[in-house]
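Colleague: Could you walk me through this one? I'd like to go through the strands, then a helix, then the charged pairs.

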Amino acid sequence: MIAGTDPRPWQLLHDGLIVRAERDVADEISVWIRHGVLRTAVYPDGGTAFRFRLARCTSFVYTPYDEPPIAELAAIAASEPDLAVVEVHGAELHVFGGAGVIVARYATLAIELDTSDRAVTLDELATAKATSYPRD
């Protein structure tokens, strides 16, 4: 499990788009992040996204710039926010994109492929990113 204040999973999927989000159980949500190049080049199983499982999630809100906040998960996914810059503010992560910012508060994060429950470690994702984007 990855600590909820660790920005690296979000940073590694820079330029990814949130394409789906839903509540799994009362305090856990899943967020699917499409990252075509990284996902299809490194994991060629027909999938297009990574699934982030946010455990003990108490807040996940997207605020488009100059618009009211969106807390409904389906509406957030419909907006397809992109991931660009991540900042840690206390116990919250602020994920900035081209059209708005996501503020998330959760205890831990697990990464999986969208086609299965296959876990992806942070080290594995970092190696995949370095292999796919050697100049980053």
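Colleague: How many residues lie between β2 and β3 in the hairpin they form?

Modeller: There are two residues between β2 and β3 in that hairpin, and please keep in mind throughout that this is a predicted model. The two strands, β2 with residues 17-25 and β3 with residues 28-34, pair in the antiparallel sense over seven bridges.

Colleague: Which residue in β3 does L17 stand opposite?

Modeller: L17 has R34 of β3 opposite it.

Colleague: OK, and the open sheet, in what order do its four strands come?

Modeller: The order is β5-β8-β7-β6, with antiparallel pairing. β5 (59-64) and β6 (85-89) are the edge strands, and each has a single partner strand, so one side of each is left without a neighbour in the sheet. On average, and with direction ignored, neighbouring strands of this sheet are turned by 15° against each other.

Colleague: How many bridges hold β5 and β8 together?

Modeller: β5 and β8, the latter covering residues 100-105, pair over six bridges in the antiparallel sense, and within that pairing F60 stands opposite A104 of β8.

Colleague: Which residues have the most contacts inside the largest nonpolar core?

Modeller: F60 comes up again there, since the residues with the most contacts inside that core of 34 residues are W10, V31, F50, F52, L54, F60 and I111.

Colleague: Take L54, then. What is it in contact with, leaving aside neighbours within four places in sequence?

Modeller: With those neighbours set aside, L54 is in contact with W10, D27, E28, I29, V31, F60, Y106, T108 and L109. Among these, W10, V31 and F60 are also listed with the most contacts inside the largest nonpolar core.

Colleague: Switching to α4, which of its residues are buried?

Modeller: Helix α4 runs over residues 122-132, and its buried residues are L122, L125, A128 and K129. Looking down the axis of α4, one finds these buried residues within an arc of 125°, so they line one face of the helix. As general background, an α-helix has 3.6 residues a turn, so residues three or four places apart point the same way.

Colleague: And what's exposed on the other side of α4?

Modeller: D123 and T131 are exposed on that other side.

Colleague: What do the buried residues of α4 pack against?

Modeller: They pack against helices α1 (8-12) and α2 (36-42), and against strands β1 (2-3), β4 (49-55), β9 (108-113) and β10 (119-120).

Colleague: On to charges: how many salt bridges does the structure hold?

Modeller: It holds twelve salt bridges. One of them joins the side chains of R39 and D45, at 2.9 Å from N to O.

Colleague: Is R39 buried or exposed?

Modeller: R39 counts as buried because its relative accessibility is 0%, whereas D45, at 39%, counts as partly exposed.

Colleague: What about R20 and E22, what distance separates their charged groups?

Modeller: The salt bridge between the side chains of R20 and E22 is 3.2 Å from N to O. R20 is partly exposed, at 39% relative accessible area, and E22 is also partly exposed, at 30%.

Colleague: And which residue does E124 meet in a salt bridge?

Modeller: The side chain of E124 meets that of R118, at 2.8 Å from N to O. E124 is partly exposed, with a relative accessible area of 25%, and R118 is partly exposed as well, at 38%.

Colleague: Which residues are joined into one network by salt bridges that share partners?

Modeller: That network is made up of D24, E28, R51, R53, E112 and D117. E28 also appeared earlier, as one of the residues in contact with L54.

Technical notes:
Residues are numbered from 1 along each chain as its sequence is written. This is a predicted model: local features need pLDDT of at least 70, side-chain atom pairs count only at pLDDT 80 or more; totals for chains, interfaces and linings use all residues. Side-chain values use heavy atoms; hydrogens and water are left out. Buried means under 20% relative accessible area, exposed over 50%, partly exposed in between (1.4 Å probe, protein chains only). The arc is that of the directions from the helix axis to the C-beta atoms. Contact means heavy atoms within 4.5 Å. A nonpolar core is a set of buried Ala, Val, Leu, Ile, Met, Phe, Trp, Tyr and Cys residues joined through side-chain atoms within 4.5 Å. Two strands pair if DSSP finds at least two bridges between them. Axes are lines fitted to C-alpha atoms, for helices over the stretch in contact, and angles run from 0 to 180 degrees between N-to-C directions. A salt bridge is a side-chain nitrogen of Lys or Arg within 4 Å of a carboxyl oxygen of Asp or Glu.
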